[in-house]
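This report describes selected side-chain and helix contacts of the structure shown below. Salt bridges are treated before helix packing.

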Amino acid sequence: MSFDGSTIHELAYELNNELAGGKINKIAQPENEELQLTIKANGKNHRLLISSNASLPLIYLTDNRKESPITAPNFCMVLRKYIGNGTIKTVTQIDFERVIKLEIEHLDDLRDMCTKFLYVEIMGKHSNIIFTDSDNVIIDAIKHISFATSSVREVLPGREYFIPAQEDKINPLVVSKYEFIDTISKPTKVSKAIYGSFMGISPFIAVNICNEAGIDADVSIESLTD
């Protein structure tokens, strides 16, 4: 299954139903690019496995417990310090991007309530797990990315967190019927006009949208009537 925006949308919805209000009891980093959170929610323990591996980025609930290294990596230690006993308030998708955001509340050293965000980016070779404060300033990330590696965005402690913009692509959840029609009115086939115009939609999903609408995905937009 392709992890496009529509898949992430449904996944975030299901994870929010399962984990919202849950307390983080344990944080482990079984692999260099992998996290496992144990969360008590709705009267049971859940294990949330998050992988930012470039070849197989994933986020899912599992019953399996993975062994952790004796010495925890630095990113794991940072998370334990800040949110080791935190509460997951919400699990949401950012716009229609392949990004899931965990909003976590915790008590600081002065026993004041604070908010932190854990961003899970399911973006193929660009996948990452990024931890920020309430102002979206990066505290740490499972992968550090400098401008020497990427000219688009640095992912380093102290930098502002943002998602690189998708050029000329629109969030399909916020357009009207007439904006949709105007946006896809270009000289190309219908399915390509859809996935080329809207963020988070893969070619596979675009073809299925056409099938549900009873339209041939390969015909030209120009051949369709209003």
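What is the relative accessible area of Lys66? The model under discussion is predicted, and in it Lys66 has a relative accessible area of 29%, so this residue is partly exposed.

**Salt bridges**

The structure holds 6 salt bridges, including the three tabulated here with their N to O distances.

| Basic residue | Acidic residue | N to O distance |
|---|---|---|
| Lys66 | Glu34 | 2.8 Å |
| Arg65 | Glu67 | 3.2 Å |
| Lys89 | Glu105 | 4.0 Å |

The side chain of Lys66 is paired with that of Glu34. Lys66 belongs to the loop between strand E4 (58–62) and helix H2 (74–83), whereas Glu34 belongs to strand E2 (residues 34–41); the pair therefore ties together parts that are 32 residues apart in sequence. The two partners can also be described by their accessibility: Lys66 is partly exposed at 29%, while Glu34, with a relative accessibility of 9%, counts as buried. The assignment for Glu34 follows because buried means under 20% relative accessible area.

Arg65 and Glu67 form another of these bridges through their side chains. Arg65 has a relative accessibility of 46% and counts as partly exposed. Glu67 is exposed, its relative accessible area being 62%; the class applies because exposed means over 50%.

In the third tabulated pair, the side chain of Lys89 meets that of Glu105 at 4.0 Å. This salt bridge links distant parts of the chain, with Lys89 in strand E5 (residues 87–93) and Glu105 in strand E6 (residues 99–107), 16 residues apart. Lys89 counts as partly exposed at 36% relative accessibility, and Glu105 counts as partly exposed at 23%.

**Packing of H4 and H5**

Two packed helices are described by the angle between their axes and the distance between the axes. For helix H4 (residues 190–197) and helix H5 (residues 203–213), the angle is about 130 degrees and the axes lie 8 Å apart. H4 and H5 are therefore oblique to each other. The crossing in which H4 passes H5 is right-handed.

Which residues of H4 meet H5? On the H4 side they are Val190, Ser191, Ile194 and Tyr195, and their counterparts in H5 are Pro203, Ala206, Val207, Ile209 and Cys210. Sorted by class, this contact of H4 with H5 comprises 8 nonpolar residues, 1 polar residue and no charged residues.

Methods: Residues numbered from 1 in each chain as written. Predicted model: local features only at pLDDT ≥ 70, side-chain atom pairs only at ≥ 80, totals over all residues. Heavy atoms only, no water. Axes fitted to C-alpha atoms, helices over the stretch in contact; angles between N-to-C directions. Helix = DSSP H or I, 4+ residues; strand = E, 2+ residues; numbered from the N terminus. Parallel < 35°, antiparallel > 145°, perpendicular 65-115°, else oblique. Left-handed = near helix turned anticlockwise from the far one by under 90°. Contact = heavy atoms within 4.5 Å. Nonpolar A, V, L, I, M, F, W, Y, C, P; charged D, E, K, R; others polar. Buried < 20%, exposed > 50% of the residue type's maximum accessible area, 1.4 Å probe, protein only.
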